[in-house]
Amino acid sequence: MIRAALALALLVLAPSAAMAEELLAGLSRNRVSISANFDGSEILIFGAVKREAPVAAGRTGIIVTVEGPRVPLTIRRKDRVGPIWINDAAMEVDAAPSFYAVNTSAPFGDILNHVDDLREAITVDRAIRAVGVVDTVPDPSAFTDALMRIRAREDLFQTNIGAVRVREDTLFDSSVSLPANLVEGIYTARIFLTRDGAVVSSASSAINVQKVGLERFLYTLAHEDPLVYGMMSLAIAIAAGWGASAAFRYF
């Protein structure tokens, strides 16, 4: 009888314990403007853990991710045939992040378990493998690994271990560097609170990345009226060539 009463008490208290911690987070800016001289930006993500009880036992971790718009792409592998390299196998991906950064307060092995990583798609490789992969590709991991290497070199995929600063298991802050080669669209910042590797709370916020000024005008013209854009580009090229020729003749 006593055991049954204890079990019932645990079941009743379990939901309230799960809700005892809540993430309160904010961003230094919710809008990034891409102009002609845009060379990158930085987003500061900060917040606190709201608790209704003392800090629970266990190892606490904070993970921050910033994800750009997902876009379809084709990953191709080049093979050497004689003296030349040609495109051989390819893998079609329905969608993959155009930008993905993940900052952590500690190494993944200390603050995130495999199951929660699969469920939330937190690490870079899980964010890519969360989308569909063609079954006919014999080794899809080789293609996704190549994609991660290429975009990491372009600073579009980032993994920053220890980049989240946590104070007294309550206050936290981190910064994410956005490179100059961003894709326009809505970016999503996610913050996860983990305990002993399991995600116990999360929060998210949107960041609007948009071209402005001349960049916006040219982008809109190229996509909405490509004929006019092409004619204007041709006219500028002819004028530039004629001007350079006249200058050379003069000097």
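Six strands form an open sheet in the order 2-12-11-4-7-8, and their pairing is mixed. Bear in mind as you look around that this is a predicted model. An open sheet of four strands is also there to explore, with antiparallel pairing throughout the order 1-3-10-9. As a friendly reminder, strands of a sheet pair through backbone hydrogen bonds, either parallel or antiparallel.

**The six-stranded sheet**

- In the order 2-12-11-4-7-8, the edges are taken by strand 2 (31–34) and strand 8 (157–160).
- Each of these two edge strands has a single partner strand, so one side of each is left without a neighbour in the sheet.
- From one strand to the next, the twist averages 15°.
- For a parallel pair, look at strand 7 (residues 100–104) and strand 8, which are joined over four bridges.
- Within this region, Asn103 is found opposite Asn160 of strand 8.

**The four-stranded sheet**

- Here the order is 1-3-10-9, and the sheet is open.
- Strand 1 (21–27) and strand 9 (165–167) are the edge strands; each pairs with a single partner strand, so one of its sides has no neighbour in the sheet.
- The twist in this sheet averages 20° from one strand to the next.
- Strand 3 (residues 41–51) and strand 10 (residues 171–178) run antiparallel and are joined by eight bridges.
- A handy residue pair to find is Phe46 and its bridge partner in strand 10, Asp173.

Conventions:
Residues are numbered from 1 along each chain as its sequence is written. This is a predicted model: local features need pLDDT of at least 70, side-chain atom pairs count only at pLDDT 80 or more; totals for chains, interfaces and linings use all residues. Side-chain values use heavy atoms; hydrogens and water are left out. Two strands pair if DSSP finds at least two bridges between them. Axes are lines fitted to C-alpha atoms, for helices over the stretch in contact, and angles run from 0 to 180 degrees between N-to-C directions.
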